[in-house]
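Got the viewer open? Let's take a short walk through this one, stop by stop.

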Amino acid sequence: MDWAEKYRPQRLQDVVGNAAAVRQIYEWARDWSREKKPLILYGKPGIGKTSCAHALANDMNWEVVELNASDQRTKQALERVAGSSSTTGSLSGASHKLILLDEADNLHGQADRGGARAIVEIIAASQQPIILIANDYYALSKDLKAATEPVQFRALQARSIVPRLRHICAAEGVTCDPAALDEIAGRAGGDMRAAVNMLYAAAIGKERLEVDDVQTSTKDQRSTIFELVGGVLAGRRDDANLLRMAMEVEDTPDTIEQWLEGNLGHMPDFASRARGYACLSRADEYIGRTYRRQYYTLWRYASAIMLIGVADAAGGHGVHGRIMPPARWRKMGASKRQKAVRTGLTRKLSEMTHIPENALREDFFTAISILVEQDPEGYVRGFNLDADELNLFIHDKARATKIVKDVAKEEKAKEKKASGKGRKTKENDPPEDPGEKQQDLPPGQATLF
Ligand SMILES: Nc1ncnc2c1ncn2[C@@H]1O[C@H](COP(=O)(O)OP(=O)(O)OP(=O)(O)O)[C@@H](O)[C@H]1O
């Protein structure tokens, strides 16, 4: 068993960080009644949302029924469990069944919108406690948000991750250089699962862990996936070697498939690319079957079909250009970045206007967008917006960049003029625009309207 699973917290007291969220969850469960709204735990991956829900059930002696929101069968399963108030079916004599609905931000994976709405209705009327889990709170439908109580999980700080890694090392009998643990915790970016996986990759089979082990293990993994994709596309047809490399890389066949697909553009012509896609598509069927049947032997077939098949299609033409991570990952990264800009902007506007972040996000954003569209320069000055922030309102990156640049230029020119000639007399001053007025307000007193 990998260490992330082996060291999943069993009790709420074992969960690292997010103390306020853990307390909120415990208090919700302590005197749970049917009137209480289901909880929705949200935050980035690998920070303890699922673990917390399981640990809670353990602490409360509740049974857990785990469902996946994007599964078509979820509605029937929910109806069955959430609609029943009896616990007589419980072998363990548990007082409640905790329904855990993962990927709640993917409810639209349901066949139709009606299906998703029906699920929200069942959730709202549930006779059993429900915890939903999501990465992106803003991707949830309004109805789902209204029917649930949010619990935010934040990324963990490196200094909270280190003691957990130290605990795992001690339990595994590995002595560790503290600098190695700092290095892992720093690289994990607040994701405990990533940190534990990195520790596993660097320390497995060792008695002592040094900083160099961490650096080498992370470096090896990256270079190997590049080597593997490069080897396949170079089409040198060393089949055994390709399969060995695929076993060595940390990535699972579905990730390798995405890498190959993202780099098929290196193949020389349409015909060979088409053959490459056909192999990937066939391999994808095996990957799907692997997960559906939970029969991991099928992975081997998927690997063989995609690696040997694509190498054969590439026909030994070699790679022209650089092997890159799949473009769709870059797009996902960009949307993550946009989310960060939106969160930062909401916080900033909230501090400046004293309007709660929730209200700004839910009720005011459209209205503000209309106002900003009418006087972008004024709002750039008044709220010190950068190009990314302005773009969120006007949806035109090039125009946003130009406006922000022009305003900065204007401000600089004004400053220069003021320091060179001193202030003009009041009568000669040009009329102020609304943006200037807002800028003159003391911090925290800006107005939107
Ligand atoms: N706060 C934490 N305390 C202790 N261990 C943690 C914590 N968060 C994550 N882990 C470790 O990472 C693994 C994965 O965590 P978990 O499944 O709870 O993450 P998650 O936030 O639900 O992620 P996802 O959104 O991907 O489902 C756990 O098995 C555990 O080993």
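Start by selecting Lys 44, which sits in the loop between strand E1 (39-42) and helix H3 (49-60). Keep in mind as you go that this is a predicted model. Lys 44 counts as partly exposed, because it has 16 C-beta neighbours inside 10 Å. Beyond the neighbours within four places in sequence, show its contacts: Asn 135, Ala 155, Gly 190 and Asp 191.

Now hop to Lys 49, in helix H3. Is Lys 49 buried or exposed? Lys 49 is buried, since 26 other C-beta atoms lie within 10 Å. Leaving out residues within four places in sequence, Lys 49 is in contact with Leu 41, Gly 43, Ile 133 and Phe 153.

Both lysines are among the positions UniProt lists as "binding site" in an unreviewed entry, so colour the full set: Gly 43, Lys 44, Pro 45, Gly 46, Ile 47, Gly 48, Lys 49 and Thr 50.

Next, pick Leu 41, Ala 104, Ile 184, Ala 195 and Leu 199: these have the most contacts inside the largest nonpolar core, a set of 64 residues. Highlight helix H9 (residues 192-203) too, as it gives the most to this core, with seven residues. Domain 1 (3-152) and domain 2 (158-209) both supply residues, so the core lies between them.

Zoom in on Ala 104. Not counting residues up to four places away in sequence, Ala 104 touches Ile 40, Ala 69, Leu 132, Ile 133, Ala 134, Leu 140 and Leu 144.

Last stop: select Val 229, Leu 280, Ala 302 and Ala 314, which are among the 24 residues of a second, separate core.

Technical notes
Residues are numbered from 1 along each chain as its sequence is written. This is a predicted model: local features need pLDDT of at least 70, side-chain atom pairs count only at pLDDT 80 or more; totals for chains, interfaces and linings use all residues. Helices (H or I, at least four residues) and strands (E, at least two) are DSSP runs, numbered from the N terminus. A residue is buried if 20 or more other C-beta atoms lie within 10 Å of its own, exposed if 12 or fewer, and partly exposed in between; C-beta atoms are placed from the backbone. Two residues are in contact if their C-beta atoms, placed from the backbone, lie within 7 Å. A nonpolar core is a set of buried Ala, Val, Leu, Ile, Met, Phe, Trp, Tyr and Cys residues joined through C-beta atoms within 7 Å. Domain bounds come from an automatic or database domain assignment.
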